[in-house]
Amino acid sequence: SMVAKTPESEKLEDAPEPAPSMVAKTPESEKLEDTQERPLTQVEEPILGNSTKESLVEAIDEWAKAWSNKNVSNYLSSYSKDFSVPGNRSRKSWENLRKDRLSRPKFIRVTLEYQRFVQVEEDVVDVFFRQTYSSNTYRDVTDKVLRMTKVLRMRKEDSDWKILIERAR
């Protein structure tokens, strides 16, 4: 797969904090101060099972592969119908823009290095990773690849994970 393996020991230390916009709002009454009084069994952040992580990695790898293969329909089908379209665009104009961005370069290479998975709700998980992007058009201009940390908020819809929110950090 396209995932660079990170030794277990390195996974947690260099993981970035979640961006404030991605953090679910908690009512004042439930903020962290209260956790001291609670029994230990009520851990705030459920631990994701390996099978859940694997299915998330599979879904996101497919998205990156569709992007790298310039497969517009597979790429767009990775996004939820409720995807939070960036800026003030309509879904249609965003899709046209993405189609253009995928179609124009001769080649695209997207690689991912997973960092962490944070459960937000029962079927909603934030996945943090480092993304490296290169293409002939991008490389010609800047002579380097574009690296960024990304968060995809994934939601399970039927049996598939779909992208609900996409953020670069």
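Reader: In what order do the four strands of the sheet lie, and is their pairing parallel or antiparallel?

Author: Strands of a sheet pair through backbone hydrogen bonds, either parallel or antiparallel. In this structure, which is a predicted model, four strands make up an open sheet whose order is 1-2-3-4, and the pairing is antiparallel. Strand 1 (108–121) and strand 4 (160–168) stand at the edges with a single partner strand each, so one side of each has no neighbour in the sheet. From one strand to the next, the twist averages 30°.

Reader: How many bridges join strand 1 to strand 2, and which residues stand opposite each other there?

Author: Strand 1 and strand 2 (residues 124–135) run antiparallel and are joined by 12 bridges. Two places can be found in the model to follow this pairing: Phe117 stands opposite Val127 in strand 2, and Glu121 has Val124 of strand 2 as its bridge partner. The two strands form a hairpin, with two residues between them.

Reader: Where does strand 2 find its bridges to strand 3, and how many of them are there?

Author: Strand 2 and strand 3 (146–157) also run antiparallel, and 10 bridges join them. One example is Phe128, whose bridge partner in strand 3 is Val151. Strand 2 is mostly covered, since 10 of its 12 residues are buried.

Reader: Which strands does helix 2 lie across, and at what angle does helix 2 run to strand 1?

Author: Helix 2 (residues 50–68) lies across strand 1, strand 2, strand 3 and strand 4, and it runs at about 150° to strand 1. With 19 residues, helix 2 reaches 26 Å from its first C-alpha to its last, which is close to the 27 Å expected at 1.5 Å a residue. Just after helix 2, Lys70 takes a positive phi of about 55°.

Reader: Which residues of helix 2 are buried, and what do they pack against?

Author: The buried residues of helix 2 are Leu56, Ala59, Ile60, Asp61, Trp63, Ala64, Ala66, Trp67 and Ser68. These buried residues pack against helix 3, helix 4, strand 1, strand 2, strand 3 and strand 4.

Reader: Is Trp67 buried or exposed, and which residues is Trp67 in contact with, leaving aside its neighbours within four places in sequence?

Author: Trp67 lies in helix 2, and because its relative accessibility is 6%, Trp67 counts as buried, the cut-off being under 20%. Leaving aside neighbours within four places in sequence, Trp67 is in contact with Tyr75, Arg98, Leu102, Ile108, Val110, Gln131, Tyr133 and Lys150. Trp67 can also be compared in position with Arg109: the two are 42 residues apart in sequence and 8.0 Å apart in space, C-alpha to C-alpha.

Reader: Where is Glu62 found, and what is its relative accessible area?

Author: Glu62 is found in helix 2 as well, but Glu62 is partly exposed, with a relative accessible area of 41%. Along the chain, Glu62 and Asn74 are 12 residues apart, and their C-alpha atoms are separated by 8.2 Å.

Reader: Which residues of helix 4 are buried, and why are they on the same side of helix 4?

Author: An α-helix has 3.6 residues a turn, so residues three or four places apart point the same way. In helix 4, the buried residues are Trp94, Glu95, Arg98 and Leu102. They cover an arc of only 100° around the axis, and therefore they lie on the same side of helix 4. These buried residues pack against helix 2, helix 3 (72–77) and strand 1. As for its length, helix 4 (residues 91–103) has 13 residues that should span 18 Å at 1.5 Å a residue, and its end C-alpha atoms are 18 Å apart, which agrees.

Reader: How many helices and strands are there in the protein, and how do the elements run from the N terminus on?

Author: The protein has five helices and four strands, and from the N terminus on its elements run α-α-α-α-β-β-α-β-β. Of the contacts in the protein with a separation of 6 or more, 60% are accounted for by residues 24 or more positions apart.

Reader: What part of the protein do buried residues make up, and how much area does the protein expose?

Author: Buried residues make up 36% of the 169 residues in the protein. The protein exposes about 10800 Å², and carbon and sulfur atoms supply 50% of this area.

Definitions and conventions:
Residues numbered from 1 in each chain as written. Predicted model: local features only at pLDDT ≥ 70, side-chain atom pairs only at ≥ 80, totals over all residues. Heavy atoms only, no water. Pairing = 2+ DSSP bridges. Axes fitted to C-alpha atoms, helices over the stretch in contact; angles between N-to-C directions. Contact = heavy atoms within 4.5 Å. Expected span 1.5 Å × (residues − 1). Buried < 20%, exposed > 50% of the residue type's maximum accessible area, 1.4 Å probe, protein only. Arc of directions from axis to C-beta. Areas by Shrake-Rupley, 256 points an atom, 1.4 Å probe, with all protein chains shown as cover.
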